[in-house]
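Trainee: I have a structure open here and would like to go through parts of it with you. May I show it?
Mentor: Please do.

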Amino acid sequence: MSGHRINWFYFAAPQRFYPLAGMAVPWFAALGVILAAIGLVMGLGLAPTDFQQGDSYRIIFIHVPVSWMSMVLYVAMAFWAGVGLVFNTRLASMLAQAIAPTGALMAFLSLWTGALWGRPTWGTWWVWDARLTSELILLFLYIGYLSLRGAIEDERRADRASALLALVGVVNVPIIYFSVKWWNTLHQGASVSVTKGSSMATIMLNAMLIMALAFWMYAFAVVLTRVRRIILERESGAAWTRAYLSDRSPS
Amino acid sequence: MNWAWNSFADFLAMGGYAIYVWGSFGVTALVLAVELWTLRARRTAWQPETDE
């Protein structure tokens with residue numbers, strides 16, 4: 001192997017990651033706004049009314065993206081928590097800490113929009129079905145992670161304890177994903193599948209995928225912004241933080 | 001490509017599913033707005049420890 005090798009550990013130092021994240025946030029935010037605008041016009045304006053579900057199906061343009069994000073963010077949180085636990089890197093634990101609140105909100109929105117969709121289509125807001133129950137457990141895992149962090153004063157100890165919880169809880173993610181296959185659920189099967197393709201009309205599918213991308217961009221922007229706050233808060237004793245803060249005029 | 005709606009009132013009515021559809025989109029917008037607002041507040045509320 002010759003040529004340039006990227007040193008991935010270079011940006012593992014919070015003081016180097018901080019400006020990098022700061023540069024990336026406006027791009028993610030702008031892309032998120034543009035994609036959301038396109039997705040909303042397609043989903044709420046152009047996509048035709050569904051012949052079976054009427055216009056209630058339009059909830060899919062929020063419900064599926066937030067549900068995906070709730071699972072993806074949990075895996076990302078557990079991954080970084082695990083990296084922090086094994087390699088004892090501060091930034092990895094900070095990333096896990098920054099992902100959790102957004103993940104919890106996505107899980108809440110998944111349940112909320114699911115209830116509002118379930119009522120007109122199934123005739124009930126809630127049912128103790130495998131998919132719904134495992135998603136509720138995901139929300140509780142996020143809340144548990146955040147509470148455990150909040151209960152431990154020392155940040156490094158909080159990192160380790162909450163990492164264990166996050167890693168144990170990751171087993172729930174495949175359960176959510178495959179619940180519609182493993183159990184006889186009221187919840188429908190996957191609308192988009194890697195092996196079978198999609199069961200939706202093209203414009204509906206495209207609108208949903210664009211909305212999913214918009215939520216990805218939103219999550220990146222918010223998590224990176226939050227990790228910058230966390231870096232400043234937790235590294236407040238470090239020389240670089242003091243120098244940075246004294247240079248910055250209070251706004 | 002055509003709009004799915006004949007009028008703005010049609011759009012708001014969502015074929016009779018207005019509370020469910022707007023309840024989903026509205027609460028999602030609200031939740032995201034609150035998250036962004038608290039992130040903003042976290043920056044201004046937090047004061048660095050100074051040596052003065």
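Trainee: What percentage of the residues of chain B count as buried?
Mentor: This is a predicted model. In chain B, 15% of the 52 residues count as buried.

Trainee: And how many helices and strands are there in chain B?
Mentor: Chain B has 2 helices and 0 strands.

Trainee: Turning to chain A, at what angle do helix α2 and helix α6 pack?
Mentor: Helix α2 (residues 60-87) of chain A packs against helix α6 (residues 172-182) of chain A at an angle of about 155°. Their axes are 10 Å apart. An angle over 145 degrees counts as roughly antiparallel, so α2(A) and α6(A) are roughly antiparallel to each other.

Trainee: Is the crossing of α2(A) and α6(A) left-handed or right-handed?
Mentor: The crossing of α2(A) past α6(A) is left-handed.

Trainee: Which residues make that contact?
Mentor: From α2(A) they are A:Met71, A:Tyr74 and A:Val75, and from α6(A) they are A:Val173, A:Ile176 and A:Tyr177. By class, the contact has 6 nonpolar residues, with no polar and no charged ones.

Trainee: A different topic: where is A:His187?
Mentor: A:His187 is in the loop of chain A between α6 and β1 (192-193).

Trainee: Why is A:His187 classed as partly exposed?
Mentor: The reason is a count: A:His187 has 16 other C-beta atoms within 10 Å. A buried residue would need 20 or more, and an exposed one would have 12 or fewer.

Trainee: Which residues does A:His187 touch, leaving aside those up to four places away in sequence?
Mentor: A:His187 touches A:Asp129, A:Arg131, A:Leu132 and A:Val180. In addition, its C-alpha atom is separated by 8.4 Å from that of A:Ala130, 57 residues apart along the chain.

Notes: Residues numbered from 1 in each chain as written. Chains lettered and ligands numbered in written order. Predicted model: local features only at pLDDT ≥ 70, side-chain atom pairs only at ≥ 80, totals over all residues. Axes fitted to C-alpha atoms, helices over the stretch in contact; angles between N-to-C directions. Helix = DSSP H or I, 4+ residues; strand = E, 2+ residues; numbered from the N terminus. Parallel < 35°, antiparallel > 145°, perpendicular 65-115°, else oblique. Left-handed = near helix turned anticlockwise from the far one by under 90°. Contact = placed C-beta atoms within 7 Å. Nonpolar A, V, L, I, M, F, W, Y, C, P; charged D, E, K, R; others polar.
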